[in-house]
2 protein chains.
Amino acid sequence: MTRLQALLGIALPIVQAPMAGVQGSALAIAVSNAGALGSLPCAMLSGDGLRGELQLMRSQTSLPYNVNFFCHTPAQPDLARDAAWHAALQPYYEAFGMDINAQPAGPGRAPFSAAVADVLEEFRPPVVSFHFGLPEAALLARVKSWGAKVISTATTVDEARWLEAHGADAIIAQGLEAGGHRGMFRTDDLSTQSGTFALLPQVVHAVSLPVIAAGGIADAAGVAAALALGAAGVQVGTAYLLCPEATTSAIHRAALQDESAHHTALTNLFSGRPARGIVNRVMRELGPIGTVVPGFPLATAAIAPLRAHAEKIGSGDFSPLWAGQNVAGCREVSARELTLGLATMATIPRR
Amino acid sequence: MTRLQALLGIALPIVQAPMAGVQGSALAIAVSNAGALGSLPCAMLSGDGLRGELQLMRSQTSLPYNVNFFCHTPAQPDLARDAAWHAALQPYYEAFGMDINAQPAGPGRAPFSAAVADVLEEFRPPVVSFHFGLPEAALLARVKSWGAKVISTATTVDEARWLEAHGADAIIAQGLEAGGHRGMFRTDDLSTQSGTFALLPQVVHAVSLPVIAAGGIADAAGVAAALALGAAGVQVGTAYLLCPEATTSAIHRAALQDESAHHTALTNLFSGRPARGIVNRVMRELGPIGTVVPGFPLATAAIAPLRAHAEKIGSGDFSPLWAGQNVAGCREVSARELTLGLATMATIPRR
């Protein structure tokens, strides 16, 4: 048993990565019931939505689970930047016969707050994880006061040391291979971001907390390799995207099974922060890293209507097709079967 | 014993990465005599230089060794690009009181050729490795005709399949963590480049040849992790840079032991092709990826005099400080001790 298993009370040293937009409580419940740590992404849930999902978690698993929040400082609106962003998107709006000024704001991503903690406290989730750092000290103390273990993500050794100094109980070392948003919060320089093979052992060496490896881990051999590099557990996201319990769209599922899934890139076009997804039309044409993109999470509002329109006609040209650099683990099997497969750690492939 | 050990006749599943500019035969000989595969970087050697080094190899080891060549298509001079590049470097020349037009051409990097094969044939080196693809079929057949095993580097699954189809005997899967030049030859899109954790198992799955993992492997735990992911061996470069047998400059050695070594980036400023090195002044000011840089290897000529001048006054501001993303394995010990340490594969760190 690793220190992570002991800390969180989980049978398997595996965390299912919280993936906002492509899963809800169903995936988290299935993973927790398989003995790993299921995660509920909460950054895009309203108070009532959060309460409903937590009620489902509580009623359908008696095993530990994780709830995940963002703790970014929301960017302030910048009229010049917005105008440049709108100008970049305008040709697509025109092609779709849509008016960029008539669109409602897209779904937001609010940072963790006292109001959210009020809802959480009713449920006392056993594990709370954060992306983009940690909440302010008083709020973090409140979360820990009800017994929750706290996890956050480091993309550099510096971030890992900061998280240890500021109260995390375990640290995710997020290698550059990982899908979705980079958890970076002490730098915005992408050249500081390392592959898992380089980042993981350096984080293990730098902190005394249990370290969870993330990025590129797709199967039991990957789990074994991460443990060999000193990880106390792994976090796996991409591999779960085809499970029936995930809410991954048909377009996203098709992309994951296409040859194109082998080419991902970091892009800021969908939210304002760099995140890894399958390269699609808008990433090719405006990025993948755009220079006129509003800050996180403001970029979403103007691109979301294009996504919605394109998806209605079966196109993922404007969709965030989040995926890591290793989609080889994606399988259309139950989350339970996938989880137990990751945990075999016996499959040593051909050498 | 892995398939790589059987193929190459080596006691340990370890290849010392060829590192032009920071090592010669002394490092390769020490590594081969320790039971791994020592590598002699030959891309910057003249015919006589090559012959001299090969005589040393032959006289000082009876064990297998590797000679490494580039097989790029040299870029054609482009006057407009050269002028832009000179304009970018001009302020540095002025600050140093140097005339950019009075400088001799820097050291070149010639691709593998029939003339080189003539020299090699006298020595029949047991292993020949290539960077940037493979030589044309007739030349490759000649190398193989004298019994040499041929290795080349893949940075994508597509490149691995190409190398297998074109006659390689083993393939290096070069993860994004690796120091020095990216071996990419079927794409110049850096977003196609994956971390070792993602690239390695996908290459192992895609080809039937033995696969050598490179990028981020710094110690015995890294070797164990790579083998768990299906590698038949590993290639390690950065960790050898502080060995006394390496010719790493004092400036480079100091940089590797400084906190700054934790921040590397891919840069094309020193040669025209992307290569990973420690971020220094010229990388910060003109790059790391510059847009007016001449093609490989033509960029070197105009920046080399700045490097030479700066190094004379103790500065690495204009030096290629090649290093991978994991310098934790750099130790000032003999290459033999370092090699044997990598091969213990028993050190499982804290979980």
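## Exercises on a predicted two-chain model

Chain B contains an open sheet of 3 strands, ordered E7-E11-E10, with antiparallel pairing. The model is predicted. Work through the exercises with the structure open.

**Exercise 1. Find which strands are the edge strands of this sheet in chain B, and state how each pairs.**

Solution.
- Step 1. Take the strand order: E7-E11-E10 in chain B.
- Step 2. The edges are strand E7 (180-181) and strand E10 (264-267) of chain B. Each of them pairs on one side only.
- Step 3. Recall what holds such strands together: strands of a sheet pair through backbone hydrogen bonds, either parallel or antiparallel.

**Exercise 2. State how many bridges join E7(B) to strand E11 of chain B, and over how many bridges E10(B) and E11(B) pair.**

Solution.
- Step 1. Start with E7(B). It is joined to strand E11 (residues 275-278) of chain B by 2 bridges, and the two run antiparallel.
- Step 2. Locate a residue pair. B:His181 stands opposite B:Ala275 in E11(B).
- Step 3. Go to the other edge. E10(B) and E11(B) pair over 4 bridges, in the antiparallel sense.
- Step 4. Locate a pair here too. B:Thr267 has B:Ala275 as its bridge partner in E11(B).
- Step 5. Put the pairs together. B:Ala275 stands opposite B:His181 and is also the bridge partner of B:Thr267.

**Exercise 3. Describe the open sheet E7-E11-E10 of chain A.**

Solution.
- Step 1. Count the elements of the chain. Chain A has 13 helices and 11 strands.
- Step 2. Its open sheet of 3 strands has the order E7-E11-E10, with antiparallel pairing.
- Step 3. Strand E7 (180-181) and strand E10 (264-267) of chain A are the edge strands, each pairing on one side only.
- Step 4. E10(A) and strand E11 (residues 275-278) of chain A run antiparallel and are joined by 4 bridges. In E11(A), A:Gly277 is the bridge partner of A:Ala265.

**Exercise 4. Decide whether the radius of gyration of chain A agrees with that of a compact globule.**

Solution.
- Step 1. A compact globule of 351 residues would have a radius of gyration near 20 Å.
- Step 2. Chain A has 19 Å, which agrees.
- Step 3. Add the extents. The C-alpha trace of chain A spans about 60 × 50 × 40 Å along its principal axes.

**Exercise 5. Work out how helix H4 and helix H12 of chain B pack.**

Solution.
- Step 1. Helix H4 (residues 79-95) and helix H12 (residues 299-312) of chain B pack with their axes 11 Å apart, at an angle of about 0°.
- Step 2. That angle makes H4(B) roughly parallel to H12(B).
- Step 3. List the residues that meet. H4(B) brings B:Trp85, B:His86, B:Leu89 and B:Tyr92; H12(B) brings B:Ala299, B:Ala302, B:Ile303 and B:Leu306.
- Step 4. Sort them. The contact has 7 nonpolar residues, 1 polar and no charged.

**Exercise 6. Characterise the side of chain B that touches chain A, and name the relation between the chains.**

Solution.
- Step 1. In the contact, 43 residues of chain B meet 43 residues of chain A.
- Step 2. Helix H8 (196-206) and helix H9 (220-228) of chain B each supply at least two residues of this side. H8(B) gives the most, with 7 residues.
- Step 3. Sort this side of chain B: 21 nonpolar, 18 polar and 4 charged residues.
- Step 4. Superpose the chains. A rotation of 180° with 0.0 Å of shift along its axis places chain B on chain A, with RMSD 0.0 Å. That is the relation of a two-fold axis.
- Step 5. Find the axis. In chain B, the C-alpha nearest to it belongs to B:Ala225, 2.0 Å away.
- Step 6. Compare the surfaces. 100% of the interface residues of chain B are also interface residues in chain A, so the copies meet through the same surface.

Conventions
Residues are numbered from 1 along each chain as its sequence is written. Chains are lettered from A and ligands numbered from 1 in the order in which they are written. This is a predicted model: local features need pLDDT of at least 70, side-chain atom pairs count only at pLDDT 80 or more; totals for chains, interfaces and linings use all residues. Two residues are in contact if their C-beta atoms, placed from the backbone, lie within 7 Å. Ala, Val, Leu, Ile, Met, Phe, Trp, Tyr, Cys and Pro count as nonpolar, Asp, Glu, Lys and Arg as charged, and the others, Gly among them, as polar. Copies are superposed by least squares on the C-alpha atoms of residues with pLDDT of at least 70 in both. Two strands pair if DSSP finds at least two bridges between them. Axes are lines fitted to C-alpha atoms, for helices over the stretch in contact, and angles run from 0 to 180 degrees between N-to-C directions. Angles under 35 degrees count as roughly parallel, over 145 as roughly antiparallel, 65 to 115 as roughly perpendicular and the rest as oblique. The radius of gyration is taken over C-alpha atoms; the globule rule is 2.2 Å times the number of residues to the power 0.38.
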